[in-house]
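Please consider the predicted model shown below. The explanation that follows leads through its strands, its cysteines and its internal spaces.

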Amino acid sequence: MLYELADIAKREISKYCDDYEIYLSKDELLQLDAQKTELNFAKEEADIGLGIRVIKEGKLGFAYTSDINRIAEVAKQAYDNTKLNEVDEFFSFSQDTKFPNPIKGTYDKSYHDLDIDEMTDSLKDVLNTVVDNGCQPTSGGFSAAYGESLIINSNGVEAFEKGTGFGIGVSINAIEGDDLATAYDSVSSCMYDLDGVKIAEDVCRLAKSSLGGIHTETGDMDVVFDYYAAIGLLSNFLSGFSADSVQRGRSKLADKMGEKICTETLSIYDDGLYEGGLRSGICDDEGSASQKTALVEDGILKSFLYDIYTANKGGVKSTSNGFRSSFADTPSVGVSNVVFDFKNRVDISEIDSGFFTTSVLGAHTANPITGDFSVEGSNCFLIEDGEIGRPVKKAMLSGNIYDILSNAEAVDSEIKQKGPFVLPRVLGHDVRIVGN
C-alpha cells in the first residue's frame, strides 16, 4: 500500500519540482492501561501518514497529511511553502541507494496473531503477581506496536522496512505500618519475549526493600547508578554529541575532537545496526544507510552525530542520525542505539562502602552544556561490606557528569537497553551525597 501511495505522491510532486523526498509511515498500536487492579483503558488504532519535502531554488518546503485523499493538495502545499523560506545551501536529500540487510531481532511476526484478550490476560498476570507479593499496584500498562516506513526521493533512494515493539510497565506501593515505598519498572523489546511476571516480582522486591529507610550523612561516596539513574544523567551528556548543538555553540565538546573526554576504559558507539536494538533499522528517517559510529574510543572523542543538513554545514558525511518523531515532522539530529562499552567491570562485592540509586528525579534540570547536576535519588540503598544494604529515606546527589565519566567503571551486571541507551550499571567515584 505504501508503494502505491508513493507513486501517487511522485506523480503529483513532479508537477512542481525535481528535487523531493517522500516519507510514508503506517503504524498500528494495541494498548492497555490499568489503574490499581482494574483495566480502565484499551486502545486499538492504525494510522497512515505522509510527509513531503521539496527543494526549489535552494529553498525547502514541507507539508504532511494523515488523509491519503489529500496527496495532491499536500504536494502542492510543500512546493508553495518553499516560497515562504529563505535560501539555504545546506539542504539536500540522501543519495544512498545501498542498504544493509534487515536487522535481526527487530520484527516479530507473532504480533499479527496478538489480540486484546491475550494482552489483557498478560497484564492481569502482572497485576495479580504484585498483589500476591504483598504490594499494591497503582498503575500498569501493556503495549504492542507494528510499523512500516517507506522513504523515496528524487536521487533514487528507496528504503522500506517494518518492525515491531512491545512493552510492559508497572508502578506499585509497598506499605508497612505508616511507612510507604513506591517503585516502578518496565521492559521493552522488539520481540514478543517479555516476562511481565518477573518485572512484577522484581519491582515488589525493590519497593519492599525500600521500606524503613534511614537518614544518611552528607559526603562524597562511590555511587552505583542503576539503569534508570544512569540514563537520567547520561541523557544530558549525550546532547553534547549533536552536531546541531556543536554548531550552535551549545556543546562542551565543540573543541574537544581528538581529545580525552572520559576514562580510557570507555568507548561509546551510536549503532543503528545493533541486533535487536529498539532503534535499529536499515536507514535513518531521511534515507541515509545505517551505520555504527564511534563517538568515543578509549576515552578519545572521535565523532559527532550528523544528519544531512548538519553534515553539509560541517563539510562531512552524515552519520545516519536524521530522525523524526513522526511523518508530521522534518528530520533533525537524533540517536539510534547508544552503546556504552566499558573494558573493566567491578563487582559490587568489591565495594566496601558506597551508595546505590535506582533512579533519579530532576535529571532534566541538569545543565546540558556544563554537565552539572543536582538530583534526588529514588529507591536508594547504602552499600556496606560489598552488599546492597540498608535503604536510604531521602538523599540528593550532585556533581558533574563529565567528572564522573573521567573515572567511571562498569558494574558487573546485565547489559540492558532502556530507550536508546545500551549499558550496564555504572559506578561513579566521589559523587556528592547530601543527606536529609
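Strand β8, which spans residues 266–271, pairs with β13 in the antiparallel sense, and the two are joined over five bridges. One position can be located exactly within this ladder: the bridge partner of D270 is V338 in β13. Strand β13 itself covers residues 338–342. It also pairs with strand β21 (residues 421–423), here in the parallel sense and over two bridges. In that pairing, V339 of β13 has V422 in β21 as its bridge partner. Strand β13 is mostly covered, with four of its five residues buried.

A second set of strands lies earlier in the chain numbering of this predicted model. Six strands form an open sheet there, in the order β3-β2-β1-β4-β5-β6, and the pairing is antiparallel. The edges are occupied by β3 (59–65) and β6 (179–189); each has a single partner strand, so one side of each is left without a neighbour in the sheet. From one strand to the next, the twist averages 15°. Within the sheet, strand β1 (residues 20–35) and strand β2 (residues 38–56) are paired in the antiparallel sense over 16 bridges. In this pairing, I22 stands opposite I52 in β2.

Two helices pack on the sheet. Helix α1, formed by residues 2–13, touches β1, β2, β4 (136–153) and β5 (158–176), and its direction makes about 140° with that of β1. Helix α2, formed by residues 71–82, touches β2 and β3, and its direction makes about 155° with that of β3.

The cysteines deserve separate attention. A disulfide is a covalent bond between the sulfur atoms of two cysteines. How many disulfides does the model contain? The count comes to zero, where a disulfide would require a pair of cysteine sulfur atoms within 2.5 Å. The sulfur of C204 illustrates the point: the closest cysteine sulfur, in C135, is 3.5 Å away, and this is too far for a bond. C204 counts as buried, because its relative accessibility is 0%. C262 is likewise buried, with a relative accessible area of 1%.

The remaining topic is the space left between the atoms. Rolling a probe the size of a water molecule over the atoms shows where empty space is left. The second largest pocket has a volume of about 1,100 Å³. It is lined by 39 residues, of which D185, I199, E414, K416 and K418 are the closest to its centre. Two or more lining residues come from each of β6, α4 (196–209), α5 (227–239), β15 (353–361), β17 (387–392) and β20 (416–418). Among these elements, α4 gives the most to the lining, with seven residues. Strand β6, one of the contributors, is also one of the strands standing at the edges of the six-stranded sheet.

Which residues line the largest cavity? A search of the whole structure finds one cavity of 30 Å³ or more, and the volume of the largest cavity is about 60 Å³. Its lining consists of F225, A230, L233, L234, I401, I404, L405 and V426. The elements that give two or more residues to this lining are α5 and α8 (401–405). Helix α5 therefore takes part in two linings, that of the second largest pocket and that of the largest cavity.

Definitions and conventions: Residues are numbered from 1 along each chain as its sequence is written. This is a predicted model: local features need pLDDT of at least 70, side-chain atom pairs count only at pLDDT 80 or more; totals for chains, interfaces and linings use all residues. Side-chain values use heavy atoms; hydrogens and water are left out. Two strands pair if DSSP finds at least two bridges between them. Axes are lines fitted to C-alpha atoms, for helices over the stretch in contact, and angles run from 0 to 180 degrees between N-to-C directions. Contact means heavy atoms within 4.5 Å. Buried means under 20% relative accessible area, exposed over 50%, partly exposed in between (1.4 Å probe, protein chains only). On a 1 Å grid over the protein atoms alone, a cavity is a set of points where a 1.4 Å probe fits but cannot get out, and a pocket is an open set with protein on both sides within 12 Å along at least five of seven lines; lining residues have an atom within 4 Å of a point. Grid points are joined across faces, edges and corners, and a volume is the space filled by probe spheres set on the points.
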